[in-house]
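Visitor: Please take a close look at one part of this structure, the salt bridges, and explain where their partners lie. A few words on charged side chains outside such pairs would also be welcome.

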Amino acid sequence: MPFVWPTSEQIVYRVMRLRRLIAVAVAVPVLVMLGIALLDPAVLSPERATIASMAVALLVVGHVVLFPNVTLETISLSLSVTGLVVAMPVIKIVAGWAPAAHQSAVLVILVTLAVAAMGLLMAVLQIVLNALAYAGPMVRLRLKTRLDLPCSTMVARRQCALQPQTRRGRVLTGVEDDNGFFDVAVASHHVDDPENPEQPLIVKVDAKVLSATEDRHDVMIVLPNGSVTVTSQTFAPSHTGCTVQVTDMPGDFTAGMHALFWLTDQQADNLTEMSDVILGNETRANGLAHGVSLLAVAGAILSPRQPMASRAK
């Protein structure tokens with residue numbers, strides 16, 4: 001899916017939904033820069049540390065708004081920019097070693113090299129963080145979220161509950177077999193089909209309804225790698241309509257994957273995707289947004305083979 005500019009509703013939603021990611025990506029650089037300013041003001045003055053912290057915060061929010069599905073890149077960007085800010089005093093000192101007539105030119109060259117190094121560091125950090133997130137043993141934790149909807153429990157259950165021979169948004173299910181299992185096909189908006197890049201990748205899993213009542217729906221999902229995820233949904237009437245509560249127990253999550261799931265508030269995003277369909281609202285969910293990254297955009301702009309102007313909408 002190509003890069004698409006967000007609407008005003010999507011901007012507000014992304015900042016709200018990814019608030020945990022923004023907080024973490026901003027907190028670490030701010031603590032580092034303010035800590036340096038307190039310990040050694042000669043390296044980084046408190047005034048500059050404050051300005052730099054505000055700049056990093058704006059940069060992180062802008063990155064989240066434009067690129068909502070590259071969590072590790074957001075964190076890598078904040079850390080890389082922090083490194084650049086901390087290195088700037090050293091760069092100025094090195095530039096001062098040059099003859100007076102050439103100091104300005106040397107400073108420009110050094111800053112340009114530092115920005116290029118920041119981009120490289122950003123890419124390396126993203127690779128390292130990705131490896132750490134998916135490393136380690138599987139951790140079984142219950143993940144819970146809830147959402148209030150202005151509709152009846154019957155409507156919410158029909159739209160949210162995974163059942164055979166139905167279609168809801170980008171999820172299509174097949175016929176139930178003799179053992180109660182049915183195929184589930186999910187269209188991914190973040191990854192293109194390698195055989196047909198113009199179409200989204202279709203992820204297929206097996207599912208089985210374990211229990212289904214008017215106020216509760218339990219489903220077992222078997223992933224291609226054989227791991228099992230159990231999802232339980234409850235539907236309770238409320239004064240505004242109904243309350244949907246979801247409890248997931250993934251069978252293939254490491255501690256790092258749980259952290260990423262929490263940072264992006266993925267469960268609530270999935271419910272928002274369904275609620276927008278029920279209410280006929282404009283799609284806001286990050287799960288339906290593009291998966292383009294800042295580094296991909298930079299590469300497309302710098303590469304004459306794949307100009308970004310011809311791909312963006």
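Guide: Arg284 and Asp276 form a salt bridge in which the closest N and O atoms are 2.9 Å apart. The term stands for a side-chain nitrogen of Lys or Arg within 4 Å of a carboxyl oxygen of Asp or Glu. The model is predicted, so local features need pLDDT of at least 70 and side-chain atom pairs count only at pLDDT 80 or more, whereas totals for chains, interfaces and linings use all residues. Residues are numbered from 1 along each chain as its sequence is written, and side-chain values use heavy atoms, with hydrogens and water left out.

Within this pair, Asp276 is buried, at a relative accessible area of 3%, while Arg284 is partly exposed at 25%. Buried means under 20% relative accessible area, exposed means over 50%, and partly exposed lies in between (1.4 Å probe, protein chains only). Elsewhere, salt bridges that share partners join Arg17, Arg19, Arg20 and Asp265 into one network.

In that network, Asp265 pairs with Arg19, their closest N and O atoms being 3.5 Å apart. Asp265 is in the loop between α7 (255-263) and α8 (266-279), and Arg19 is in helix α2 (residues 19-39), so this salt bridge ties together parts that are 246 residues apart in sequence. Helices (H or I, at least four residues) and strands (E, at least two) are DSSP runs, numbered from the N terminus. Asp265 is buried, with a relative accessible area of 9%, whereas Arg19 is partly exposed at 38%.

Asp265 also forms a salt bridge with Arg20, and here the closest N and O atoms are 3.8 Å apart. This pair, too, links distant parts of the chain, since Arg20 in helix α2 and Asp265 in the loop between α7 and α8 are 245 residues apart. Arg20 counts as partly exposed, at 23% relative accessibility. In total, the structure holds six salt bridges.

As for charged side chains outside such pairs, Glu176, Asp177, Asp178, Asp183 and Asp206 form a negative surface patch. Patches are made of residues with over 30% relative accessible area and no salt bridge, like charges being joined within 9 Å and nonpolar side chains (Val, Leu, Ile, Met, Phe, Trp, Tyr) within 5 Å. One member, Asp178, sits in the loop between β3 (171-173) and β4 (181-193). Asp178 is exposed, with a relative accessible area of 84%.

Conventions
Accessible areas come from the Shrake-Rupley method with a 1.4 Å probe; for residues, only the protein chains shown count as cover. Lys and Arg count as positive and Asp and Glu as negative; His and the chain ends are not counted. The place of a charge is taken as NZ of Lys, CZ of Arg, CG of Asp or CD of Glu.
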